[in-house]
Amino acid sequence: MRPYVVALFNQKGGISKTTTSTNLAVCLAAFGKSVIVIDLDSQGDSTKSLGIDPKIREGVFDLFISHAPVDSVIRDTPYDGLRVLPSTYSLAGIEVKLSELQNSQRTLSAILANAKLDCDYVVIDCPPALGILPINALAAAHAVIIPVTATPYANDGLLRTLPSIKYVQEGLNKSLLLQGVLFTIHDRNKTARRISDLIRSRLGGTVYRSQIPRDNMVIEAATAGLPVCVYAPRSAAAQSHLDFTEEFLDRHTAIAAKAGETVPPRPSRDVALDRLLRWRGEIASAAGPATAAGLRQRKSQLDRLLYGDRTLIERWHLGVIHFFIDNRLSLAVFLLLLLAGLIALLGASLEGLRRLSDIIGL
């Protein structure tokens with residue numbers, strides 16, 4: 001049976017598409033699946049996040065233009081069962097090259113059809129905007145997942161993305177299935193809830209129940225060059241990615257059953273979490289003890305990502321706000337203690353006034 005090919009695509013940038021692609025692939029591998037990631041984004045963030053240097057000699061560009069064999073381009077990652085067809089910096093100029101080829105929109109389809117891909121899943125990380133590379137991905141995929149954030153502009157991006165998928169379904173890939181819409185970088189504020197409710201009312205069961213929350217651990221993981229599921233397997237974002245992967249596998253099982261195919265059952269979530277924890281330990285051991293200078297440098301990079309050029313007081317203020325956003329129970333306790341303190345202070349002030357009036361005979 002050929003692998004199940006899924007593309008992650010949205011014409012809007014900045015919606016955590018690459019983060020979703022890499023963490024889905026890592027979580028699938030943690031569930032015992034064999035996975036290949038195809039990085040079609042010239043920035044190469046998926047490639048770097050999976051431990052591959054984009055300065056390598058061969059990558060996706062050579063598959064498309066130089067007809068290099070898949071075996072010479074594919075790279076192993078530190079994670080069992082997970083490999084990557086990497087992006088290289090030369091990929092930035094591929095649009096012009098591909099436009100000169102005949103039937104260029106089906107180039108990736110031909111590559112995958114002719115290659116002996118010994119894996120269960122192929123995850124394609126698409127660049128934003130509807131260019132020739134995303135069209136290639138959608139033409140070659142069995143299914144597409146749309147990551148989206150619950151913001152007005154991201155909603156506009158979703159409304160532009162759906163017609164693009166329909167265009168490919170009608171012309172290039174009639175069997176392409178919209179497997180789901182996934183909310184990423186999700187906040188719990190009123191506006192986000194209203195937009196997510198609107199999208200769910202329009203798309204119904206197409207929207208995944210799982211939501212990836214906003215989590216500073218994702219930024220820390222990116223700074224460390226790791227998927228958050230490996231960097232912090234027990235964090236809120238990592239646990240939500242595991243939820244999403246379980247839901248993804250359940251949907252694929254149902255799709256396969258309708259086609260008369262069977263998908264091997266996945267192991268328990270505890271098994272997947274144990275693998276993620278083991279990979280984290282192995283990477284930490286391989287890295288060795290970090291020097292003080294290295295730690296300071298990474299801390300400085302993270303501070304710039306989180307706080308920009310803000311002063312120390314402004315950083316402290318934002319840090320407190322982020323802490324209470326992520327820990328609502330702590331905020332409730334803090335407010336109760338503050339209220340109790342104000343009541344006690346008010347009571348002490350009234351008692352002091354009473355005693356003063358007794359002294360002066362009022």
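This briefing walks through the domains, the annotated regions and three helix contacts of one protein chain. The model is predicted. Its chain is divided into domain 1, residues 4-287, and domain 2, residues 294-360. Helix 1 is a good place to start looking, as it packs against helix 13 and also meets helix 12.

**Overall layout**

- If you take the C-alpha centres of domain 1 and domain 2, you will find them 40 Å apart.
- An unreviewed UniProt entry gives residues 5-176 the annotation "domain: AAA".
- Within residues 5-176, helix accounts for 41% of the chain and strand for 15%. The C-alpha atoms at the two ends of this stretch are 10 Å apart.
- UniProt, again in an unreviewed entry, places a "transmembrane region" at residues 329-350.
- Residues 329-350 are 100% helix and 0% strand, with 32 Å between the end C-alpha atoms.

**Helix 1 and helix 13**

- Helix 1 spans residues 17-30 and helix 13 spans residues 269-287; their axes are 8 Å apart, and the packing angle is about 110°.
- That angle makes helix 1 roughly perpendicular to helix 13.
- The two helices, helix 1 and helix 13, cross in a right-handed sense.
- On the helix 1 side, the contact is made by Val-26, Ala-29 and Ala-30. Helix 13 contributes Val-271, Ala-272, Arg-275, Leu-276 and Trp-279.
- Sorted by class, the residues in this contact of helix 1 with helix 13 are 7 nonpolar and 1 charged, with no polar ones.

**Helix 1 and helix 12**

- Helix 12 covers residues 236-258, and its axis comes within 9 Å of the axis of helix 1, crossing at roughly 70°.
- Helix 1 and helix 12 are therefore roughly perpendicular to each other as well.
- From helix 1, the residues to look for are Thr-19, Thr-20, Asn-23, Leu-24, Cys-27 and Leu-28. They meet His-241, Leu-242, Phe-244, Thr-245, Phe-248 and Leu-249 of helix 12.
- The contact of helix 1 with helix 12 holds 7 nonpolar and 5 polar residues, and no charged ones.

**Helix 6 and helix 7**

- Helix 6 (residues 107-114) and helix 7 (residues 132-140) have axes that come within 7 Å and cross at roughly 45°.
- Helix 6 and helix 7 are therefore oblique to each other.
- Thr-107, Leu-108, Ser-109 and Leu-112 make the contact from helix 6, while Asn-136, Ala-137, Ala-139 and Ala-140 make it from helix 7.
- In this contact of helix 6 with helix 7, 5 residues are nonpolar, 3 are polar and none is charged.

Note on methods:
Residues numbered from 1 in each chain as written. Predicted model: local features only at pLDDT ≥ 70, side-chain atom pairs only at ≥ 80, totals over all residues. Heavy atoms only, no water. UniProt positions renumbered as here; feature names shortened; annotations may be inferred. Helix = DSSP H or I, 4+ residues; strand = E, 2+ residues; numbered from the N terminus. Axes fitted to C-alpha atoms, helices over the stretch in contact; angles between N-to-C directions. Parallel < 35°, antiparallel > 145°, perpendicular 65-115°, else oblique. Left-handed = near helix turned anticlockwise from the far one by under 90°. Contact = heavy atoms within 4.5 Å. Nonpolar A, V, L, I, M, F, W, Y, C, P; charged D, E, K, R; others polar. Domains from an automatic or database assignment.
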